[in-house]
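Please open the structure in your viewer and keep a selection panel at hand. The tour below proceeds by selections, each followed by an account of what is found there.

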Amino acid sequence: MSTPIRIAPSILSADFAKLGEEVRAISDAGADYIHIDVMDGHFVPNITIGPGVVKALRPHSDKVFDCHLMISPVDPYLEAFAEAGADIITVHPEAGAHTHRTLQAIKALGLKAGISLNPGTPAKMLDYYWDLLDLVLVMSVNPGFGGQSFIESQLGKIEAIRGKMDKMGLDIDLQVDGGVSADNAQRVIDAGANVLVAGTASFKGGSSQYAANIKALRGKA
Ligand code: DX5
Ligand code: ZN
């Protein structure tokens, strides 16, 4: 696997009182994607960011805006996130009855589409979605909060999905989200991930540390 490793800092761990500045700083520090965790207090037990904030942040960075929607229902909000400037929209299959239709709708808006698997959701779930996917996100914590511990059992799932993608000749992102740090990044990469989401590990220490934090997450590369 020769895909370059991409780092997607989750702004959930940024200083919300100066979010534009934080997005600029992390972009300048070498972030590849800006990972935006959207939570509704219903599908997950936390409330975060809506399309209005995404729109306000858009002028602050030319990086890929990677919107991870942990909301239910999701379909009524897709257009608003597209208009706000999302580049990728990732959804959870548990968040709606018709995930295939949701992915079709994301593609119809001209965006990249991703599906996110909770720690208890099997990789087999992906079987009939491949033709619609630009990204698969493996959750290595239960969604809802930053700062949780990496769930080791997800390494096997990452390996299995990478194996399947290679077998099918698919060139799509395999993203891992939750508890990723400089300590486990190389193992996550070795398992087959090529996009690492990291909130705590990206934003720790303040803006003078962001470039070093991102470099440490890239593993040996
Ligand atoms: C959890 C979110 C993650 C989280 C990552 O529901 O999807 O993106 O913010 O934060 P850390 O890296 O702190 O685990
Ligand atoms: Zn996320």
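The stops that follow lead from the metal site to the ligand, the cores and several individual residues. The coordinates belong to a predicted model.

**The zinc ion**

Begin by selecting ligand 2, the zinc ion, together with His35, Asp37, His68 and Asp177. These residues coordinate the metal through NE2 of His35, OD of Asp37, ND1 of His68 and OD of Asp177, at 2.0 to 2.3 Å. Which geometry does the site of the zinc ion (ligand 2) have? The site is octahedral, with six donor atoms and angles among them of 68 to 168 degrees. For reference, the ideal angles for six octahedral donors are 90 or 180 degrees.

Along the chain, the donors of the zinc ion (ligand 2) follow the spacing H-x1-D-x30-H-x108-D. His35 belongs to strand 2 (residues 33-39) and Asp177 to strand 7 (residues 173-177), so this pair ties together parts that are 142 residues apart in sequence. Both His35 and Asp177 are buried.

**Ligand 1**

Next, select ligand 1 and display its surroundings, which comprise 20 residues. Asp37, Asp177, Gly179, Gly199 and Thr200 are the closest of them. Asp37 and Asp177 were already met as residues that coordinate the zinc ion (ligand 2).

Three distances from oxygen atoms of ligand 1 may then be displayed:

- Ser10: a side-chain N or O atom is 3.3 Å from an oxygen atom of ligand 1.
- Gly144: a polar backbone atom is 2.8 Å from an oxygen atom of ligand 1.
- Gly147: a backbone N or O atom is 2.8 Å from an oxygen atom of ligand 1.

**Met70 and the cis peptide bond**

Move to Met70, which lies in strand 3 (residues 64-70). Is Met70 buried or exposed? Its relative accessible area is 1%, so Met70 is buried. Neighbours within four places in sequence aside, Met70 is in contact with Asp37, Val38, Met39, Asp40, Phe43, Val44, His92, Pro143 and Gly144. Among these contacts, Asp37 also coordinates the zinc ion (ligand 2), and Gly144 has the backbone atom 2.8 Å from an oxygen atom of ligand 1. A C-alpha to C-alpha distance of 8.6 Å separates Met70 from Thr90, 20 residues apart in sequence.

Now select Ser72 and Pro73, which are joined by a cis peptide bond with omega of about 0 degrees. Most peptide bonds are trans. Pro73 is located in the loop between strand 3 and helix 3 (78-84).

**The nonpolar cores**

Select Ile11 and Val136: they have the most contacts inside the largest nonpolar core, a set of 61 residues. Without counting neighbours within four places in sequence, Val136 is in contact with Ile115, Leu126, Trp130, Ile161, Met165, Ile172, Asp173, Leu174 and Gln175. A second, separate core has nine residues, including Tyr33, Leu135, Leu137 and Val195.

**Asn184 and Thr3**

Select Asn184 in the loop between strand 7 and helix 6 (185-191). With 6% relative accessibility, Asn184 counts as buried. Beyond its neighbours within four places in sequence, Asn184 is in contact with Phe150 and Gly179; Gly179 is also one of the closest residues to ligand 1.

Finally, select Thr3 in the segment before strand 1 (6-9). Thr3 has a relative accessible area of 24% and is therefore partly exposed. Its C-alpha atom is separated by 9.4 Å from that of Ala193, 190 residues apart along the chain.

How values were computed. Residues numbered from 1 in each chain as written. Chains lettered and ligands numbered in written order. Predicted model: local features only at pLDDT ≥ 70, side-chain atom pairs only at ≥ 80, totals over all residues. Heavy atoms only, no water. Core = buried A, V, L, I, M, F, W, Y, C linked by side-chain atoms within 4.5 Å. Buried < 20%, exposed > 50% of the residue type's maximum accessible area, 1.4 Å probe, protein only. Contact = heavy atoms within 4.5 Å. Donors = N, O, S within 2.8 Å, 3.2 Å for Na, K, Ca; no water. Tetrahedral: all angles 85-135°; square planar, octahedral: opposite > 155°, others 65-115°. Helix = DSSP H or I, 4+ residues; strand = E, 2+ residues; numbered from the N terminus. Near = heavy atom within 4 Å. Polar contact = N/O pair within 3.5 Å; in protein donor to acceptor, adjacent residues only side chain to side chain.
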